[in-house]
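Colleague: I have this model open on my screen and would like a close look at one part of it. Could you walk me through a single asparagine and what surrounds it?

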Amino acid sequence: MEPVLEELFIPLHVKYIQSLDTRKDDLEYWLTEHLRVNGLYWGLTALDLMNHIDALPRDKVIDYVKGLQREDGGFGADNHHDSHMTHTLSAIQVLITLDAIHVIEVEKVVDYIKALQNEDGSFRGDTWGEVDSRFSYIALSALSLLKRLDAIQIDKTVEWILECKNYDGGFGSRPGSESHAGQIFCCVAALSIVNALHHVDSELLSWWLCERQLKNGGLNGRPQKLEDVCYSWWVLSALSVLKNVHWINKEKLSMFILSAQDPENGGISDRPGDMVDVFHTLFGVAGLSLLGYPGLKQVNPVYCMPQYVIDKLNLVNQ
């Protein structure tokens, strides 16, 4: 029987995140090279929410991220990796959190994102052409953080996102794809950024989202799937934007997240007993922040960044 964990082990999680770049003898370190800058964003944001942003060396982080900007203006996952929208957003988030966006060529980033918009308003993830509603969110989030939403065709972007809307109120990865909590976060947050939430059936979608909670308190991403700590973010953030977090059992969800911690070495896993990773560590901590867990900074449900960072930018969304 798993032990009952009733508190967030912040010191252990800080040490766990600090240790991630020291594990270069582990195969896992090299198998996740394609997620390096994303992992840096996940770790830094988790640390900031836990009031330990100084646990990572600021100047070293900034220099590393700066070096990932490619000639096309986008950012690669790591050294010698091609640029991609997902890595570009993570790089922007890290640098804005550290108040260092000035070290990169911002206008080239804007041009990079602008060039990836298709005629129908959708966005490609990179030059190879994959289209996904995630990339629409990434484009809007990144350009909003850079205060350059004027660079793209917002009306067409909104029109395409609405084509991804389903009869159950949710959103899929493309028009005709099934509703999924991760895509719902992307589409709801994207519409919030451009003040277009009136297109969302808030009550219908909120019911779909709150039905993701299982008996153990955890949330899944779609019907008939297992619970996963990361949906503590994807589901809860969308409910937060729609102002319906109270539709779920917050205490049971909080206990589920806490139960997925490693009480010896730190970190949070997808569910109790599994291996921890920095992805689930951030989204577990961010979920607890949305739930009002004591001792954590407030997270912004649209950008998944500390609220104080968004406040400094004077960004206000629906």
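What follows is a short tour of that residue, set against the whole chain and a few other spots.

Modeller: Happy to! Please keep in mind that this is a predicted model. The residue to look at is Asn 220, and you will find Asn 220 in the loop between α10 (202–210) and α11 (231–241). Is Asn 220 buried or exposed? Its relative accessibility is 2%, and buried means under 20%, so Asn 220 counts as buried.

Now follow the side chain of Asn 220. One polar contact, at 2.7 Å, joins it to the side chain of Arg 212. The side chain of Asn 220 also reaches the backbone oxygen of Lys 225, at 3.0 Å. Which residues does Asn 220 touch, leaving aside those up to four places away in sequence? They are Arg 212, Leu 214, Lys 225, Leu 226, Glu 227, Tyr 231 and Val 235.

From α11 you can step across to helix α12, residues 250–259, since the buried residues of α12 pack against α11, β3 (268–269) and α13 (278–290). Those buried residues are Leu 253, Ser 254, Phe 256, Ile 257 and Leu 258. As a reminder, an α-helix has 3.6 residues a turn, so residues three or four places apart point the same way. At the N-terminal end of α12, Asn 249 acts as the cap, with a side-chain oxygen 3.2 Å from the backbone nitrogen of Glu 251.

Two other loops are worth a glance. His 80 sits in the loop between β1 (75–76) and β2 (83–84), and it has a positive phi of about 70° although it is not a glycine. With a relative accessibility of 82%, where exposed means over 50%, His 80 counts as exposed. Lys 147, in the loop between α7 (133–145) and α8 (154–163), also is not a glycine and has a positive phi, of about 60°.

Finally, let us zoom out. The protein has 14 helices and six strands. Its radius of gyration is 19 Å, close to the 20 Å that the globule rule gives for 318 residues, so the protein is as compact as a globular protein of that length. The C-alpha trace spans about 55 × 45 × 35 Å along its principal axes. Asn 220 is buried, and buried residues make up 60% of the 318 residues in the protein. Of the contacts between residues at least 6 apart in sequence, 66% join residues at least 24 apart.

Note on methods:
Residues numbered from 1 in each chain as written. Predicted model: local features only at pLDDT ≥ 70, side-chain atom pairs only at ≥ 80, totals over all residues. Heavy atoms only, no water. Helix = DSSP H or I, 4+ residues; strand = E, 2+ residues; numbered from the N terminus. Rg over C-alpha atoms; globule rule 2.2 N^0.38 Å. Buried < 20%, exposed > 50% of the residue type's maximum accessible area, 1.4 Å probe, protein only. Contact = heavy atoms within 4.5 Å. Polar contact = N/O pair within 3.5 Å; in protein donor to acceptor, adjacent residues only side chain to side chain.
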